Amino acid sequence: MENENNVKPSKSTARYILELVEVVVIAFALSWLIRTFVLEARYIPTGSMLPTIQLQDRVIVDKFFFKHFGELHTGDVVVFHPPSGAHSSDDFIKRLIALPGDTVEIRNHKTYINGQVIYEPYVAEPQIKNMEPVVVPEGSVFVMGDNRNYSNDSREWGFLSIDSITGRTLFRYWPFDRFGPLAR
């Protein structure tokens, strides 16, 4: 028979609850830090990026690495705080079309960057309206939704400050049958 005096006492209930609270607080703090500064899952509530991003798709957005270790490229799908002319306080998601110094023009249902037609297989339908050539100023970019005829974008409210961009999409994670990177 084993000696009852050799059995180690179990942790007290108060100590167990304190450790549990500690673990939960640390988990929430780490989750908040990651979501705020590194990666964020985003739900897509509008159709401005159809057909690339469907209503209710979910994407992962890089909020850290593109700012510190990479650069923006035409074709990137970015998340940003819209300018005041967009009349919205909710973040937008659009495709980056032109960088600082580029000339953007829309004519005959096609987008031209620096006089060259750009290949846009992701666009929902031909653009209805033409747009005279404009030069993107330093510190700004030109963005448009893939659903061009139904998107509130740079054609309506002008250039987007690069400082307003909060992240770049990495991939779609929901629904699973469309898991993967977004079309460029």
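Eleven salt bridges are found in the structure, which is a predicted model. Side chains of opposite charge can pair when their charged atoms come close. A good place to start is the bridge between D57 and R172, where the closest N and O atoms are 2.6 Å apart. D57 sits in the loop between β1 (39-43) and β2 (58-62), while R172 belongs to strand β11 (residues 165-174), so this pair ties together parts that are 115 residues apart in sequence. D57 has a relative accessible area of 1% and is therefore buried. R172 also counts as buried, because its relative accessibility is 7%.

A second bridge joins R155 to D153, with 2.8 Å between the closest N and O atoms. Here the two partners can be told apart by their accessibility. D153 is buried, with a relative accessible area of 0%, whereas R155, at 23%, counts as partly exposed. The cut-off for burial is a value under 20%, so R155 falls outside the buried class.

A third bridge pairs R42 with E40, and its closest N and O atoms are 3.5 Å apart. E40 is buried, at 7% relative accessibility. Both residues also take part in a wider arrangement, a network of salt bridges that links E40, R42, K63 and D91.

Attention can now turn to the nonpolar interior. In soluble globular proteins, nonpolar side chains tend to be buried together. The largest nonpolar core of this model has twelve residues, namely F66, L72, V78, F80, A86, F92, L96, V141, V143, W157, L160 and I165. Two or more of these residues come from each of β3 (77-80), β4 and β9 (140-144). V78, one of the core residues, gives a useful view of the surroundings. Beyond its neighbours within four places in sequence, V78 is in contact with L72, F92, I93, K94, V143, I165, G167 and R168. Among these contacts, L72, F92, V143 and I165 are themselves members of the core.

The aromatic residues add a further layer to this picture. Across the whole structure, a search finds eight aromatic pairs. One of them is formed by F80 and F92, which meet edge-to-face, with a centre-to-centre distance of 5.8 Å and 65° between the planes. F80 lies in strand β3 and F92 in strand β4, so the pair ties together parts that are twelve residues apart in sequence. Both of these phenylalanines are buried. Another edge-to-face pair is made by F142 and F159, at 6.2 Å centre to centre and with 65° between the planes. F142 belongs to strand β9 and F159 to the loop between α3 (154-157) and β10 (160-161), so this pair ties together parts that are 17 residues apart in sequence. F142 is buried, with a relative accessible area of 2%, but F159 is partly exposed, at 30%. Elsewhere, F64, F65 and F69 are linked into a cluster by ring pairs.

Charged side chains are also found over aromatic rings. K94 lies over the face of F92, at 5.3 Å from the ring centre. F92 thus brings several themes together: this residue is part of the largest nonpolar core, pairs with F80 and has K94 over its face. In a second example, R107 lies over the face of Y112, at 3.8 Å from the ring centre.

Strand β4 (residues 92-98) also contains R95. This arginine counts as buried, because its relative accessibility is 0%. Its side chain makes a polar contact of 3.4 Å with the side chain of T52. Apart from neighbours within four places in sequence, R95 is in contact with M49, T52, G75, D76, V77, Y122, F142, V143, M144, D146, A183 and R184. The list includes F142, the buried partner in the pair with F159, and V143 of the nonpolar core.

A final site of interest is N149, in the loop between β9 and α3. The C-alpha atoms of N149 and P126 are 8.0 Å apart, although 23 residues separate the two along the chain. When neighbours within four places in sequence are set aside, N149 is in contact with E125, P126, Q127 and I128. Polar contacts are part of this meeting point. The N149 side chain makes one with the side chain of E125, at 2.9 Å, and also reaches the backbone nitrogen of I128, at 2.9 Å.

Key:
Residues numbered from 1 in each chain as written. Predicted model: local features only at pLDDT ≥ 70, side-chain atom pairs only at ≥ 80, totals over all residues. Heavy atoms only, no water. Helix = DSSP H or I, 4+ residues; strand = E, 2+ residues; numbered from the N terminus. Buried < 20%, exposed > 50% of the residue type's maximum accessible area, 1.4 Å probe, protein only. Polar contact = N/O pair within 3.5 Å; in protein donor to acceptor, adjacent residues only side chain to side chain. Contact = heavy atoms within 4.5 Å. Core = buried A, V, L, I, M, F, W, Y, C linked by side-chain atoms within 4.5 Å. Salt bridge = Lys/Arg side-chain N within 4 Å of Asp/Glu carboxyl O. Phe/Tyr/Trp six-rings, centres within 6.5 Å; stacked < 30°, edge-to-face > 60°. Lys NZ or Arg CZ within 6 Å of the ring centre and 35° of its normal.
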